[in-house]
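Subject: Handover of a structure

Dear colleague,

Please find below the sequence and structure that I am passing on to you. My findings follow directly after it.

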Amino acid sequence: MAAPLLLDLVLETSTTPGTASFVLNGAVQDRRSFAAAAPGGGQVFYFADDGTQAEWGVGVLTVGTPNTLSRQTIRGTTQNSTSALNFTGTVRVYSWVPSSYLPLLDGNGLLTVAGLSTDGAAIKALVVSGSALVPNVGDWGSQQSVPAVQADARYLRKYGDSAAVAPDLLTIYLGNGQLGAYAGGSWHTFQPAGDYATNTRVNDVASSAANAASSASANAETRILRAGDTSQNQTVNGYLTVQYGGGKFSFQPDGNAVAYDGSGNAFFSVSSGTINWNGHGFVFTDDLPLPKTDKIVRGVASQSRVTFSSGFSDTPQVMAQNASPSDANCKAVNADAGGFTLWINGGGTTDITVFAIGPK
C-alpha cells in the first residue's frame with residue numbers, strides 16, 4: 001500500500017461532520033484544496049480542529065462532487081483517544097504529519113523512524129545509533145531489511161572463515177536440488193547425494209573416468225573373449241584360439257587341439273586317439289591289445305613266432321627289443337594281424353619287450 005501523502009498549503013473547511021467523513025467545502029483564501037494538491041485522491045495526512053478540539057491521522061481523499069475525506073486511521077486527539085471526535089460546527093481540515101510518523105532524535109542521540117504494524121499499532125521501524133539497527137523480520141516474503149543477527153543465523157558463510165566473509169554468489173539449481181556457491185573465483189557445488197566437489201575436481205574426475213573407460217575399452221579389444229574376431233589374443237568362434245608370438249594354438253570344433261607356426265602350418269596336434277608332432281606319431285604301451293603282463297615275452301628263440309593274445313584287425317606296426325642290454329640284438333619280422341616272427345642276430349634265445357600299434 002502507498003504511503004500517505006503530505007500536501008503543501010492545503011486548508012479547507014467542513015460543516016458539522018459529526019463523527020463521519022469530512023465533506024470538504026473548498027480551499028480558504030490563499031490556500032489550496034485537497035483535490036487540487038492530490039487530484040487522484042488516495043491516503044493523505046490530515047489535522048482537523050474546530051477551535052475547541054482536534055484530531056489527526058490518515059484519511060482517504062475521494063475526489064468528486066463533493067470532495068470527501070474519510071477518517072481512516074486516527075493517530076490521536078485532544079481528548080487523548082484514537083476515536084473520531086464529534087464535530088458539531090465548522091471544522092478546519094488541513095494536511096500535516098502527526099508526530100508519530102516523524103523521525104525523532106532523542107536525548108541519547110538515537111534517531112527513531114516510526115511505523116505501523118499490520119494491526120495499525122505504532123512501532124519503531126528503524127533506530128539509528130552510529131549504525132542502523134533493523135528490527136527482526138516478521139515476513140520473509142516482504143521487502144523488509146534483515147538485521148545482522150537474523151542474517152547470521154539464516155544465510156551461509158564460509159566455513160572456518162574468521163572474517164565471516166559471505167560467498168560472492170549463491171544459487172540453487174531447482175531441477176536437481178544442487179547448491180552452488182561462487183567464491184574465490186570458482187564455483188563450489190554441493191551434490192544432491194551430499195558429496196562436495198569443486199568444478200575443477202569434477203572435471204578432473206570426469207576426465208579420469210573417460211580415460212579409464214577408454215583404456216578399459218582398448219584393453220578389452222586385446223584381452224577379453226570376443227566372438228568371431230581371430231585378430232585378438234583370445235576369441236570365441238565355436239572354438240578357442242590363443243595367439244602367441246607369430247603362431248597360435250587352436251581348439252578345433254572336431255575336438256582336436258592344433259598348434260600352428262608363424263606360417264600357418266600345423267606342427268603339433270592332439271586328438272582323442274593320436275598325438276602328432278611334425279608328422280610323427282606317438283606309441284604308448286596301452287596301444288598294444290595285450291594284457292600288461294604279455295608285453296614282456298620271455299625265452300623267445302630266434303626265428304620263432306610270437307602270437308598276440310588279442311589280435312589286430314589288420315597288420316600293425318610292431319617293435320620288439322631285448323629286455324636286457326646283455327642279450328643279442330633282435331627285431332620283429334613278418335608281422336601280421338595275429339603276431340610276428342622274432343629274428344635274433346646270431347641266433348639263440350632272449351627275453352623281449354613288445355610294442356605294436358594298428359587297427360584293432
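The notes below go from the chain as a whole to its sheets, hairpins, loops and ring contacts.

This is a predicted model, in which local features need pLDDT of at least 70 and side-chain atom pairs count only at pLDDT 80 or more, while totals for chains, interfaces and linings use all residues. Residues are numbered from 1 along each chain as its sequence is written, and side-chain values use heavy atoms, with hydrogens and water left out.

Overall description

The chain has 3 helices and 28 strands; helices (H or I, at least four residues) and strands (E, at least two) are DSSP runs, numbered from the N terminus. Of its 360 residues, 26% count as buried, where buried means under 20% relative accessible area, exposed over 50%, and partly exposed in between (1.4 Å probe, protein chains only). The accessible surface of the chain comes to about 22,100 Å², and 53% of this belongs to carbon and sulfur atoms; the areas come from the Shrake-Rupley method with a 1.4 Å probe, and for residues only the protein chains shown count as cover. Among contacts between residues at least 6 apart in sequence, 41% join residues at least 24 apart, a contact being heavy atoms within 4.5 Å.

Sheets

A closed barrel of 6 strands runs in the order β1-β2-β5-β4-β3-β6, with antiparallel pairing; two strands pair if DSSP finds at least two bridges between them. Neighbouring strands of this barrel sheet are turned by 45° against each other on average, direction ignored. For such angles, axes are lines fitted to C-alpha atoms, for helices over the stretch in contact, and the angles run from 0 to 180 degrees between N-to-C directions. Strand β1 (residues 11-15) is joined to strand β6 (residues 90-94) by 5 bridges, and the two run antiparallel. Here L11 stands opposite Y94 in β6.

An open sheet of 3 strands has the order β23-β28-β25, again with antiparallel pairing. Its edge strands are β23 (296-301) and β25 (317-322), each of which pairs on one side only. In this sheet the average turn between neighbouring strands is 40°, direction ignored. Between β25 and strand β28 (residues 349-357) there are 6 bridges in the antiparallel sense, and Q317 stands opposite I357 in β28.

Consecutive hairpins

Strand β19 (residues 257-260) and strand β20 (residues 266-270) run antiparallel and are joined by 4 bridges, with V258 opposite S269 in β20. These two strands form a hairpin with 5 residues between them, and G264 in the turn has a positive phi of about 85°. β20 also pairs with strand β21 (residues 275-277) in the antiparallel sense, over 3 bridges. The bridge partner of V270 in β21 is I275. β20 and β21 form a hairpin as well, with 4 residues between them.

Backbone details in loops

The peptide bond from T65 to P66 is cis, with omega near 5°. P66 is placed in the loop between β4 (54-62) and β5 (68-77).

Two residues other than glycine with positive phi may be worth a look. D30, with phi of about 70°, lies in the loop between β2 (22-27) and α1 (34-37). D30 counts as exposed because its relative accessibility is 69%. N80 has phi near 55° and is found in the loop between β5 and β6. At 75% relative accessibility, N80 is likewise exposed.

Aromatic and charged side chains

The count comes to 10 aromatic pairs, where rings of Phe, Tyr and Trp (its six-membered ring) pair if their centres lie within 6.5 Å, and planes under 30 degrees apart count as stacked, over 60 as edge-to-face and the rest as tilted. One such pair is F268 with W277, edge-to-face at 5.0 Å centre to centre and 65° between the planes. W277 has 42% relative accessibility and therefore counts as partly exposed. F308 and F312 form an edge-to-face pair at 5.4 Å centre to centre, with 80° between the planes; both F308 and F312 are buried. In addition, F22, Y46 and F87 form one aromatic cluster.

The charged end of K248 sits over the ring of Y260, 5.5 Å from its centre. This applies if NZ of Lys or CZ of Arg is within 6 Å of the ring centre and within 35 degrees of the ring normal. K331 lies over the face of W343, at 5.5 Å from the ring centre.

With kind regards
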